[in-house]
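Please consider the structure shown below. The paragraphs that follow move through it one region at a time.

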Amino acid sequence: MLKELLLPDIKELLKEKKFLEIKEGIKDWEAPEVADLLMELDEEEQGIFFRLLTRQQAAEVFSYLDITSQRNLLETFTHENIKMILQDLPPDDRTALLEELPAEVTRNLLSLLSPEDLKEARTLLGYPEDSVGRLMTPDYVALKPYVTVETALCEIRLSGKNKETIDRIYIVDDNYKLIDDIPLKELIFAEPEQKIEEIMDGNFVAISAYKDREEAVEMMKKYDLIALPVVDSNGVLVGIVTHDDILDVAEEEATEDIQRIAAVAPLDLPYDKTSIWTLFKKRVIWLFLLLFAYFFSSTLIAHYENLLNKIIALSFFLPMLIGSGGNTGSQSATLIVRALALKEIDARDWFKIFFKELLIGFLLGTTLSIFLFIRSATWQGIVIGVIVSVSLILIIIFANLIGALLPLFLSKIKVDPAVASSPFVTTLIDGTGIFIYFTVASLVLRKL
């Protein structure tokens, strides 16, 4: 709301070059508000406005910008400006920026870092892509178990100000192996002369730096953590993952799943930053695959041309039957994909899920077929009513099973279950639905 009220004023002050008034006006703003305002300015205004921020404010605001905006700003900076930004960025945000830039640009930026920051950046970039190591920050507070609470609180006051979070204090041995973590409030309420080891309980959770970042999301959700310690293969504490980064990961993963469910290759940038050509490429591949799949359906219909010529009324119900099957399969696939994402089920549960969805499909098919039989029989006669209603039961049962089992199969072979998208399931069921419908029609008519 603040941004909307003051944006015209900011633009006017920039035009009149009243920079001191702008600096004074925004000095107490929160970084997300400044970032939102910055994104509303023209590119030329963005460069000027950003230079009016204090050094600390600039680093915080920069970390809230998307990668495209960060790259655009960097192009307007001098080497000295870039050096200051990189030095002041939190390590995890700096890693996120460097891994998204072209290799040549990343090499140039790394050359601007201090030896200490360079070593840190190379360490984080050395972890596999999408691993927890790329996501973590080495800015945390670690204490030895033999220090007193009073000494510990003194150390926290001295070093904790620049750390990512001090809500939990990590206890390590002399080899920096993680042995416990303690909430800050426990230290505050403990007796000053107590040693840390006296208030330790030895219960903690940690994650390997080489694990996939989605596992960090699940662990933080499961244990309701603000920060999750990250260890190497020997249990040595190498960093922490904080809740703000986890929220970003969860949002990215959910967005990718939604895009895949819609049969769109995941976008690398926000929609408004993605070019028309890129959006075209991300969508056209799947549409081509689905188009070829529909050739199968067309071939099946052509195969039953003689049957359709004899009883033209069969064609009246074809869109309804195929549509109902596709909708049923999409429902089932969406429920199973989401359940897999939330770890409510896994591929080993396929047998139980098969019988559950078989029964659900039968109930859905029977319920809908009763209505359809009455409608079709009164319109086109009993024979057509039997053909249509029986076909609907079989199509819905089949569609429900395919929608449920396909994501499980993909999960089993280590393919993202979201690939079992609504368009994909619908296209698959179209062909099989046509086959079921005309097979039932042939069998019923043959008996007459």
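The model is predicted. A convenient place to begin is the residue D224, which has a positive phi of about 55° and comes just after helix α15. The helix itself spans residues 213–223, and its buried residues include R213, A216, V217, M219 and M220. At the N-terminal end of α15, D212 serves as the cap, with a side-chain oxygen 2.8 Å from the backbone nitrogen of E214.

Attention may now turn to the surface. There, a patch of negative charge brings together E150, E191, E193, E197 and E198. One of these residues, E193, belongs to the loop that runs between α13 (184–189) and α14 (196–199). E193 counts as exposed because its relative accessibility is 58%, and the cut-off for exposed residues is over 50%.

A contrasting case is T328, a residue of helix α19, which covers residues 318–341. T328 has a relative accessibility of 6% and therefore counts as buried, the limit for that class being under 20%. A polar atom of the T328 side chain lies 2.8 Å from the backbone oxygen of S324.

The last residue to consider is H243, located in helix α16, which comprises residues 243–261. Is H243 buried, exposed or partly exposed? With a relative accessible area of 42%, H243 is partly exposed. Along the chain, H243 and I82 are 161 residues apart, and their C-alpha atoms are separated by 27 Å.

Key: Residues numbered from 1 in each chain as written. Predicted model: local features only at pLDDT ≥ 70, side-chain atom pairs only at ≥ 80, totals over all residues. Heavy atoms only, no water. Buried < 20%, exposed > 50% of the residue type's maximum accessible area, 1.4 Å probe, protein only. Helix = DSSP H or I, 4+ residues; strand = E, 2+ residues; numbered from the N terminus. Polar contact = N/O pair within 3.5 Å; in protein donor to acceptor, adjacent residues only side chain to side chain. Patch = residues over 30% accessible without salt bridge, like charges linked within 9 Å, V, L, I, M, F, W, Y side chains within 5 Å. Areas by Shrake-Rupley, 256 points an atom, 1.4 Å probe, with all protein chains shown as cover. Salt bridge = Lys/Arg side-chain N within 4 Å of Asp/Glu carboxyl O. Lys, Arg positive; Asp, Glu negative; His and termini not counted. Charge placed at Lys NZ, Arg CZ, Asp CG, Glu CD.
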